[in-house]
Amino acid sequence: WGAATAAFRTPPRRLLAEPGVLDRVTLPGLVPRPRLAVEFRAHDVYLFCSTWDEPFSAGLLEAMCAGLPCVATTAGGTPEAVDDGRNGLLVPPGRPVDLAEAILRLTRAPDLCRVLGRTAAADVRRRWSFDAYVDRPEESYGRIVDAHRSGRAAQLPGPPA
């Protein structure tokens with residue numbers, strides 16, 4: 001929950017109050033950074049079910065980096081990091097049946113969980129490390145400056161592969 005407002009916390013709390021829910025859900029609150037990997041490894045799947053155009057989620061990258069298989073929605077920038085079926089599973093936002101089917105798919109396929117988790121961890125380390133994150137805009141700025149100096153249009157790289 002972190003620093004979420006009461007308006008954000010109220011609807012999920014209503015759902016949690018339904019019979020049989022709290023014995024299946026863990027809400028640890030704000031987890032200190034050094035403990036995140038331990039928490040991720042204590043779980044089977046990370047769900048990132050944003051229904052709005054979330055620009056990008058560091059929490060999702062952290063779970064992926066820990067090797068936790070992830071199910072996420074296609075809202076916002078998430079598909080930049082999650083390649084459906086390769087390093088995680090993607091579902092459209094606001095489609096709870098699709099979300100449930102993706103979760104069931106993982107619970108029935110432990111080998112798929114391992115492959116998604118390993119691939120996700122390797123992808124995050126390769127594509128989203130601090131150095132890689134800094135190198136991308138630095139490369140783009142360099143191309144812009146070089147193109148400007150030579151009087152041509154800059155050819156910028158696409159999203160990280």
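Colleague: Of the 161 residues of the protein, what percentage count as buried?
Modeller: The model is predicted, and the figure is computed from its coordinates. Buried here means under 20% relative accessible area. On that criterion, the buried part of the 161 residues comes to 32%.

Colleague: What average pLDDT does the protein have?
Modeller: A score of at least 70 is reached by 94% of the residues. The mean varies between elements, from 77 in helix 1 (residues 6–16), where confidence is lowest, to 98 in strand 3 (residues 89–91), where confidence is highest. Where pLDDT is low, predicted coordinates should not be read in detail. The average over the protein is 87.

Colleague: In what order do the elements of the protein run from the N terminus on?
Modeller: The protein has seven helices and three strands. Its C-alpha atoms fill a box of roughly 70 × 40 × 35 Å along the principal axes. Read from the N terminus, the order of elements is α-α-β-α-β-α-β-α-α-α.

Colleague: Which strands stand at the edges of the sheet?
Modeller: The sheet is open, with three strands in the order 1-2-3 and parallel pairing. From one strand to the next, the twist averages 15°. A strand with a single partner has one side left without a neighbour in the sheet, so the edge positions belong to strand 1 and strand 3.

Colleague: Which residue of strand 2 stands opposite F48?
Modeller: Strand 1 and strand 2 pair in the parallel sense over three bridges. L47 stands opposite V71 in strand 2. For F48, the residue opposite in strand 2 is A72.

Colleague: Are the faces of strand 2 covered or uncovered?
Modeller: On one side of strand 2, C70 and A72 are buried. On the other side, V71 and T73 are buried as well. Both faces of strand 2 are therefore, with the cut-off for buried at under 20% relative accessible area, to be called covered.

Colleague: What angle does the direction of helix 5 make with that of strand 3?
Modeller: Helix 3 packs on the sheet, where it touches strand 1 and strand 2, and its direction makes about 160° with that of strand 1. Helix 5 (residues 96–107) also packs on the sheet, touching strand 1, strand 2 and strand 3. The angle between the directions of helix 5 and strand 3 is about 165°.

Colleague: Which element gives the largest share of the largest nonpolar core?
Modeller: That core has 19 residues, of which F40, Y46, L60, L61, A63, M64 and C70 touch the most other members. Two or more residues each come from helix 2 (36–41), strand 1 (46–48), helix 3 (58–65), strand 2 (70–73) and helix 6 (110–127). The largest share is four residues, and the element giving them is helix 3.

Colleague: Which residues is A63 in contact with, leaving aside its neighbours within four places in sequence?
Modeller: A63 is among the members of the largest core that touch the most others. Apart from this core lies another of nine residues, among them V91, A102, L112 and C113. With its neighbours within four places set aside, the contacts of A63 are F40, Y46, L68 and C70.

Colleague: How many disulfides does the count give?
Modeller: The sulfur of C65 is 11 Å from the closest cysteine sulfur, in C70, which is too far for a bond. The sulfur of C70 has its closest cysteine sulfur in C113, at 10 Å, again too far for a bond. A disulfide would need the two sulfur atoms within 2.5 Å. The count of disulfides is zero.

Colleague: Is C65 buried or partly exposed?
Modeller: C70 has a relative accessible area of 1% and is therefore buried. C65 has a relative accessibility of 23%. Because buried requires under 20% and exposed over 50%, C65 counts as partly exposed.

Colleague: Is E39 buried or exposed?
Modeller: E39 lies in helix 2. The C-alpha atoms of E39 and A75 are separated by 25 Å, with their positions 36 residues apart along the chain. The relative accessibility of E39 is 17%, so E39 counts as buried.

Colleague: Is Q155 buried or exposed?
Modeller: Q155 is found in the segment after helix 7 (130–150). From C-alpha to C-alpha, Q155 and A132 are 19 Å apart. With a relative accessibility of 58%, Q155 counts as exposed.

Definitions and conventions. Residues numbered from 1 in each chain as written. Predicted model: local features only at pLDDT ≥ 70, side-chain atom pairs only at ≥ 80, totals over all residues. Heavy atoms only, no water. Buried < 20%, exposed > 50% of the residue type's maximum accessible area, 1.4 Å probe, protein only. Core = buried A, V, L, I, M, F, W, Y, C linked by side-chain atoms within 4.5 Å. Contact = heavy atoms within 4.5 Å. pLDDT = per-residue confidence, 0-100. Pairing = 2+ DSSP bridges. Axes fitted to C-alpha atoms, helices over the stretch in contact; angles between N-to-C directions.
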